[in-house]
Amino acid sequence: MDLVALADFNLVARHGGFGKASRASGRPKATLSRRVTELEAALQLRLFERGARNLKLTEEGRALHERTTALLTELDETAAAIASGAEKPRGRLRISAPLLFSQTAMGRIAAGFALKYPDVRLEVTTEDRAVDMIEEGYDLVIRVNPDPDESLVGRAFLHDRLVVVASPDLPRPAADLLAPGVVRGAGDRQTWNLVTSEGSVTIGIEPILALSSLIMVRDAVRTGVGAARMPISLVSHDLADGTLLHWGDIEGSEVALWALYPSKRLLSARVSAFLDFLKQAFPNGTPDELAAYIGR
C-alpha cells in the first residue's frame, strides 16, 4: 500500500473534502484527488461517495480511516524521534481504566504523569466493560483479571485480594446462622468461603443492601449495617484503625490489574512512558501501595 496515498486519503477524510484538505495542507487539490483515486484502484474499493457538492466516506472508507489514522501518526512520531536522535513522549494517549481503580488512584497518577510529560495529552475513560482497543481508538487499557487475548500484550502491575470485613459491633455468626451483608450487584442470599487463622470457614449471607459501587459498599459497612466482601486495599486504613475487623480472606480471590496494548502495534514512546510510570507508582505491586492512594 502506498503510504503517501494513504496519508492523503486520511487528510481528505479528516477535512471532509479535497478543497478543504488542499487549503489546510498546501498540497494541490488535483494531486490529492489523483492519490485517492490510485488508492481506490489499488484496493479495488470505493472509499468516497462523490456528490455534486459534498464528499462522503463509504463504509469501507470509514473503516480504513479509523484504523489507519493512529498508525500513520505513530509512524510520523517514530520518524521524527529517529531524526532527532531521541524519542520524546508526545501526542495523545487514550486509556480505558476500570471504575474502582479510577476512583481511588487514577486521578493522582494521571496528574503526576501530565506534570512529567507535558507534551502528552492524556485522556482517561472510566468503564468496567472490555473495550475494543482498535475499533475505539485506545492506546492502553487497564483490566482486572483479563481473559487471555492473543491480540493484546502487557504486564500485571498491581495485585489485590478480597477480604470480608465488618464493624467490631457485628460478631461473626455461628455456622448455622446468617450474617447481614452489604453486597455489590444482585442481592440474593449467598455463601462466602473464608480462609482464616483457624482454617477454612463458610458463612451464609443475607443481603440487606445491594449497591452498585464498592465505594458505596465500603461507606455502608463502616456504619455497622452488615458485613461486606471488599478488596483489602480499599479497607486497609479501616483495618489498621480498628474501625473494621477482618473476618477472613475470600478463598481464591486474588486480583491482578493488567496494563494491555495491541500486540501488533509498535509500542509508542508515550505508552512506554506510562507503563514505566505505573511501575514507579507501584514498584512491588502490593495492596499496601494501592492503599496509599486511597483516603481514609
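Axes here are lines fitted to C-alpha atoms, for helices over the stretch in contact, and the angle between two of them runs from 0 to 180 degrees between N-to-C directions. With that in hand, the helix pair α5 and α9 is a good place to begin in this predicted model. The axes of α5 and helix α9 (residues 269–281) come within 11 Å and cross at roughly 125°. Angles of 65 to 115 degrees count as roughly perpendicular and those over 145 as roughly antiparallel, and α5 and α9 are therefore oblique to each other. The crossing of α5 past α9 is right-handed. On the α5 side, the contact is made by Met-106, Ile-109, Gly-112, Phe-113 and Lys-116, while α9 contributes Arg-270, Ala-273, Phe-274, Phe-277, Leu-278 and Gln-280. Sorted by class, these residues comprise 7 nonpolar, 2 polar and 2 charged.

Helix α5 also plays a part in the surroundings of another helix, α7. Of the 8 residues of α7 (residues 214–221), 6 are buried, so this helix is largely enclosed by the rest of the structure. The buried residues are Leu-214, Ile-215, Val-217, Arg-218, Ala-220 and Val-221. Their cover includes two helices, α5 (99–116) and α8 (232–241), together with the strands β6 (152–166), β7 (178–184), β9 (199–211) and β10 (227–231). At the start of α7, a side-chain oxygen of Ser-213 comes to within 3.1 Å of the backbone nitrogen of Ile-215.

A buried residue can be followed in strand β8 (residues 190–196), where Thr-196 is located. Thr-196 has a relative accessible area of 14% and is therefore buried, the cut-off being under 20%. A polar atom of the Thr-196 side chain lies 3.1 Å from the backbone nitrogen of Glu-198, and a polar atom of this side chain is found 2.8 Å from the backbone oxygen of Gly-199. Setting aside neighbours within four places in sequence, Thr-196 is in contact with Arg-172, Val-201, Trp-247 and Gly-248.

Two loop residues deserve a look for their backbone angles. Most residues other than glycine have a negative phi. Gln-44, although not a glycine, has a positive phi of about 55°. Gln-44 sits in the loop between α3 (29–43) and β1 (48–50) and, at 73% relative accessibility, counts as exposed. Asn-145 is not a glycine either, and has a positive phi of about 45°. The loop that holds Asn-145 runs between β5 (140–144) and β6. With a relative accessibility of 40%, Asn-145 counts as partly exposed.

Conventions. Residues are numbered from 1 along each chain as its sequence is written. This is a predicted model: local features need pLDDT of at least 70, side-chain atom pairs count only at pLDDT 80 or more; totals for chains, interfaces and linings use all residues. Side-chain values use heavy atoms; hydrogens and water are left out. Buried means under 20% relative accessible area, exposed over 50%, partly exposed in between (1.4 Å probe, protein chains only). Helices (H or I, at least four residues) and strands (E, at least two) are DSSP runs, numbered from the N terminus. Contact means heavy atoms within 4.5 Å. A polar contact is a pair of N or O atoms within 3.5 Å; within protein, one must be able to donate a hydrogen and the other to accept it, and residues adjacent in sequence count only if both atoms are side-chain atoms. Angles under 35 degrees count as roughly parallel, over 145 as roughly antiparallel, 65 to 115 as roughly perpendicular and the rest as oblique. A crossing is left-handed if the near helix is turned anticlockwise from the far one by less than a right angle, and right-handed if clockwise. Ala, Val, Leu, Ile, Met, Phe, Trp, Tyr, Cys and Pro count as nonpolar, Asp, Glu, Lys and Arg as charged, and the others, Gly among them, as polar.
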